[in-house]
Amino acid sequence: MTRNALRAIAAVTALVVLSAPAAAGRQHTGLFRVPVPGEVRAIAEDVDMPWGIAFLPDGSALMTERDAMTVRRLTPSGGRTDLGRVPGAEGTGGEDGVLGIEVSPDFDHDHHVFVYLTAADGNRLVRATLEGESLTGWTTLFSGVPRGRYHNGGRLRFSPDGRHLFVSTGDVQIDAYAQDLDNNAGKILRLYADGSIPEDNPFPGKAVWSYGHRNVQGLGFDSAGRLWASEFGNADHDEVNLIEPGGNFGWPACQGTTGDCAGTVLPKRTWSTSAASPSGLTIVDDHVFVATLVGQRLYRLRIDPLSNLVDERAFFQGWYGRLRTVEATPDGDLWLATSSDKDGTPGNDRVLHVAVHPDDDWFRLPATGFPVGTVPAVHRRGSGRCAHPRPECGSGG
Ligand SMILES: [Ca+2]
Ligand SMILES: [Ca+2]
């Protein structure tokens, strides 16, 4: 089959996806308030390289530690239970180890937990069952993702309808893998929850959902059911992308918007790598939050009716060091994980709870969108906006 034919299939798939109603959460036509990060308190202060965080129906969360290769359960009040080391995981002390974690959309019935880890022969997706205070019945669902000391991707995210599990991978520092559709490195993969490959994936028989990625560590869905992803650039440009099924996102010929980008999907936002190095991503009320490592800040960007990212704000810049992961709680607050992996001291990372206060102002994403040039700005309050302790005052941008 020719590449054009494949692209045609991908385009049809895209139309099917984009025309499908948002299956869960608030509709894209809903009236949203601007989520403003506020008070911060520590949930855990002596964890080691927290990487994945996923919430259980009771409001507690499962957290992986990358290098310790463990799973822990944290409660919002600071309670902690060790669920043990993940069998079969082995890291090199680089960026591999036990990475993303997800909870089954049907957890109340199946108690399934999904983990992305580095094993001896590559990165893989595994599943366990949470029974009481232990994870049992570890099963490999999908393997064959190349591993490397660096660029292992690792984020897991269920689609809003719970039918598909998305997996981000990295190019493991072999650039050519990202463009090779027979290689699962440098991709976003789309699987069923049992690890099988959906028959309507853009490239028949392949797990590949999008390709040409360098290292994706953040995935999130907006209220229209669209997938957004954060991606580490090389030396110049980090990216946030709106993912199109079958899309080529450019790497390695194209980085950000520079290089040979013909025929590739350009990012919706780029930053210099010194201002970002984006890992985790989550979306609250159609605002994209991105946790950054080198940038040591939390970005918030609003998705506007034209699917652009606008009204960027940076929070907590330099306050907590490198930030790996941001996840929305079931009630719309945020958990934030630090990543002090460069300081040579194990066990000194934190998981933080960030209260989110809806702003006084509202905005609406209409179904039809506004004509270009008439997109209404979010109205900002004047006096008092930057009164202590609102962290938004901590930085510009
Ligand atoms: Ca790109
Ligand atoms: Ca440390």
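These are my notebook entries on one predicted model, taken region by region.

**Entry 1: the chain as a whole**

I began with the confidence values, since the model is a predicted one. The mean pLDDT of the chain is 86, and 83% of its residues reach 70 or more. I then looked for the weak stretches, and noted that pLDDT stays under 50 over residues 1–29, where the model has 38 contacts beyond four places in sequence. I noted a further stretch at residues 364–397, where pLDDT also stays under 50 and the model has 43 contacts beyond four places in sequence. Where pLDDT is low, the predicted coordinates should not be read in detail. I therefore left the detail of those contacts alone.

Next I looked up the make-up of the chain, and found 2 helices and 26 strands in its secondary structure. Of its 397 residues, 47% count as buried. Among the contacts with a separation of 6 or more, 56% are between residues 24 or more positions apart.

**Entry 2: the sheet of S2 to S5**

I turned to an open sheet of 4 strands, whose order is S2-S3-S4-S5 and whose pairing is antiparallel. Which strands stand at its edges? They are S2 (50–55) and S5 (80–85), and because each has a single partner strand, one side of each is left without a neighbour in the sheet. From one strand to the next, the twist averages 20°. I followed the pairing of S2 with S3 (residues 61–65), which is antiparallel and rests on 4 bridges. Within that pairing, I found Phe55 bridged to Ala61 in S3.

**Entry 3: S12 and its partners**

I looked at S12 (187–192) next, and asked how many of its residues are buried. The count is 5 of the 6, so the strand is largely enclosed by the rest of the structure. S11 (residues 164–168) is joined to S12 by 5 bridges, and the two run antiparallel. S12 also pairs with S13 in the antiparallel sense, here over 3 bridges. Leu189 helped me to trace both pairings, as this residue of S12 is the bridge partner of Val167 and also stands opposite Val208 in S13.

Between S12 and S13 (208–211) there is a loop, and Asp200 lies in it. Is Asp200 buried or partly exposed? With 14 C-beta neighbours inside 10 Å, Asp200 counts as partly exposed, because a buried residue needs 20 or more. I also looked up how far Asp200 is from Arg190, which is 10 residues away along the chain, and found their C-alpha atoms separated by 10.0 Å.

**Entry 4: backbone angles that I stopped at**

Most residues other than glycine have a negative phi, and most peptide bonds are trans. With that in mind, I wrote down the following cases.

A cis peptide bond joins Trp251 and Pro252, with omega at about 10°. Pro252 lies in the loop between S16 (237–242) and S17 (254–255).

Ser277 has a phi near 60°, which is a positive value in a residue other than glycine. I found Ser277 in the loop between S19 (269–272) and S20 (278–284). Ser277 counts as buried because 22 other C-beta atoms lie within 10 Å.

Asp311 is not a glycine either, yet its phi is positive, at about 55°. Asp311 lies within a strand, S23 (residues 309–315). With 15 C-beta neighbours inside 10 Å, Asp311 counts as partly exposed.

**Entry 5: S24, S25 and the hairpin**

I ended with S25 (residues 334–338), where 5 of the 5 residues are buried, so the strand is largely enclosed by the rest of the structure. Which way do its side chains point? Leu334, Leu336 and Thr338 point one way and Trp335 and Ala337 the other way, and all are buried.

S24 (residues 323–328) is joined to S25 by 5 bridges, and these strands run antiparallel. I picked out Thr325, which stands opposite Ala337 in S25. The two strands form a hairpin with 5 residues between them, and there Gly332 takes a positive phi near 90°.

Technical notes
Residues are numbered from 1 along each chain as its sequence is written. Chains are lettered from A and ligands numbered from 1 in the order in which they are written. This is a predicted model: local features need pLDDT of at least 70, side-chain atom pairs count only at pLDDT 80 or more; totals for chains, interfaces and linings use all residues. A residue is buried if 20 or more other C-beta atoms lie within 10 Å of its own, exposed if 12 or fewer, and partly exposed in between; C-beta atoms are placed from the backbone. Two strands pair if DSSP finds at least two bridges between them. pLDDT is the predictor's confidence in each residue, from 0 to 100. Two residues are in contact if their C-beta atoms, placed from the backbone, lie within 7 Å. Axes are lines fitted to C-alpha atoms, for helices over the stretch in contact, and angles run from 0 to 180 degrees between N-to-C directions.
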